[in-house]
Amino acid sequence: MTKYKLEYIWLDGYTPVPNLRSKTQIKEFAEFPTLEQLPYWGFDGSSTLQAEGRSSDCVLKPVALFPDPARTNGALVMCEVMMPDGVTPHVSNKRATILDDEDAWFGFEQEYFFYKDGRPLGFPEHGYPAPQGPYYTGVGFKNVGDIARQIVEEHLDLCLAAGINHEGINAEVAKGQWEFQIFGKGSRTAADQIWIARYLLMRLTEKYGIDIEWHCKPLGDTDWNGSGMHCNFSTRYMREVGGREYFESLMAQFERNLMDHIAVYGPDNDKRLTGKHETAPWNKFSYGVADRGASIRVPHSFVNNGFRGYLEDRRPNSQGDPYQIASQVLKTISEVPVEAMKKVAA
Ligand code: ADP
Ligand code: MN
Ligand code: MN
Ligand code: MN
């Protein structure tokens, strides 16, 4: 038997953005455990804004499992928070009730800032560094500093070793700003991986004395870019059938559901989606081929393949909850009839 270090990870009850929380328990297993072998656990909900009435115990239900490459015999255990009965989802537990479909694929582009001493990494104590321009995908000390690349490389290795579908990294437009991409099949699969990747990044940077600033517009109304989490999505129907007519119906439904999308695309998005810095105004829906100033960007490949493939919703922001983002995208898609599919099924 081996003693495993199980890091139970969950989202707390803070609004509008939950925080990641975690704690460790040691359990013996003959080999690396399966999800089914992991016991439910509990925590003090009164310390995480999750206490209900007089009883402060909440239940942790393991829902996704990854090896923890930073620890010998370690595991990262993504959990849902349940009521004391163990079966009723806590009100803060959004994951339990989202729409999911393993044939719906999601690629999230998570942007964020490294922060040190209350300002973006690489910013001088007073004033600003040279204006934006050379930082995006930049190389060299004056563009990316001396430590950021080491961190993003370590984070990449941690994610890959944990079995996360990490797809790439790039330095972003603002100094101290970076991005990683995660791909997953199904809302929960993709979103669990974003949350674990966020967790790994925050834990990794502790030892550097650096924090991750997830806010979508940390530098306010300035000429510095904000942070998004573009959501690239495709369903089986979009990939295999598609067509211009279906695409236009889909976009019309996205337009009708504008406010439902904005409601879950992350807080303070009006400060980021201003129409400047490669964004579309938050309160006006638009789409365009290869248009980075649109709400939804239609890749060239999509048009060239007969309106088949994936689309990029550029509105979700860096603090958005990927569970709710993916679910809302699926909800809007589900409201558009797919005539051809119905014929096939009949
Ligand atoms: P950008 O040009 O917007 O910066 P990125 O290369 O950063 O694009 O991200 C593209 C994202 O699209 C990746 O996360 C990738 O996984 C995702 N993606 C690619 N193909 C599909 C698909 N068929 N369905 C859903 N997402 C996809
Ligand atoms: Mn990108
Ligand atoms: Mn980007
Ligand atoms: Mn993008």
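Phe307 sits in the loop between helix H8 (300-304) and E14. In this predicted model, its phi is near 60°, a positive value in a residue other than glycine. Most residues other than glycine have a negative phi, and most peptide bonds are trans. Is Phe307 buried or exposed? With a relative accessible area of 12%, Phe307 counts as buried because the cut-off is under 20%.

Leu49 shows a positive phi too, again near 60° and again in a residue other than glycine. Its spot is the loop between strand E3 (41-44) and strand E4 (57-67). Here the relative accessible area is 51%, so Leu49 falls on the exposed side of the over 50% cut-off. Another loop, the one between strand E1 (2-11) and strand E2 (20-29), holds Pro16. The peptide bond leading from Thr15 to Pro16 is cis, and its omega is near 0°.

Next come the metals. Which residues hold the manganese ion (ligand 4)? Its protein donors are Glu109, listed with two OE entries, His230 through ND1 and Glu312 through OE, and they lie 1.9 to 2.4 Å from the ion. Along the sequence, these donor residues follow the spacing E-x120-H-x81-E. Distant parts of the chain are linked here: His230 belongs to strand E11 (residues 229-234) and Glu312 to strand E14 (residues 311-313), with the two 82 residues apart. Both His230 and Glu312 are buried.

The manganese ion (ligand 2) lies 3.9 Å from the manganese ion (ligand 4), and Glu109 coordinates both. For ligand 2, the coordinating atoms come from Glu109 (OE) and Glu179 (OE), at 2.2 Å. That pair also ties together distant parts of the chain, since Glu109 is in strand E6 (residues 105-116) while Glu179 is in strand E9 (residues 177-185), 70 residues apart. Glu109 is buried, and Glu179 is as well. Glu179 has a further partner: it coordinates both the manganese ion (ligand 2) and the manganese ion (ligand 3), which are 3.7 Å apart.

On to the pockets. The largest pocket has a volume of about 430 Å³. Its lining is made up of 27 residues, and the closest to the centre are Pro18, Ser92, Lys94, Asp321 and Gln324. Sorted by class, this lining has 13 nonpolar, 9 polar and 5 charged residues. Strand E5 (74-82), helix H6 (258-264) and helix H9 (322-334) each chip in at least two of them, and the largest share, 4 residues, comes from E5. Both domain 1 (2-88) and domain 2 (105-345) contribute at least three residues to the lining of the largest pocket.

The second largest pocket holds about 370 Å³ of space. Of the 21 residues lining it, Glu111, Glu172, His230, Glu278 and Arg314 lie nearest its centre. His230 is thus a name met before, as a donor of the manganese ion (ligand 4). The class breakdown for this second lining is 2 nonpolar, 8 polar and 11 charged residues.

Finally, there is the core. In soluble globular proteins, nonpolar side chains tend to be buried together. The largest nonpolar core has 70 residues, and those touching the most other members are Phe106, Phe114, Phe254 and Leu311. Which helix gives the most to this core? That is helix H3 (residues 187-204), with 10 residues. The core also draws at least three residues from each of domain 1 (2-88) and domain 2 (105-345).

Methods. Residues numbered from 1 in each chain as written. Chains lettered and ligands numbered in written order. Predicted model: local features only at pLDDT ≥ 70, side-chain atom pairs only at ≥ 80, totals over all residues. Heavy atoms only, no water. 1 Å grid on protein atoms, 1.4 Å probe; cavity = no way out; pocket = protein on both sides within 12 Å on 5 of 7 lines; lining within 4 Å. Points joined across faces, edges and corners; volume = space filled by probe spheres on them. Nonpolar A, V, L, I, M, F, W, Y, C, P; charged D, E, K, R; others polar. Domains from an automatic or database assignment. Donors = N, O, S within 2.8 Å, 3.2 Å for Na, K, Ca; no water. Buried < 20%, exposed > 50% of the residue type's maximum accessible area, 1.4 Å probe, protein only. Core = buried A, V, L, I, M, F, W, Y, C linked by side-chain atoms within 4.5 Å.
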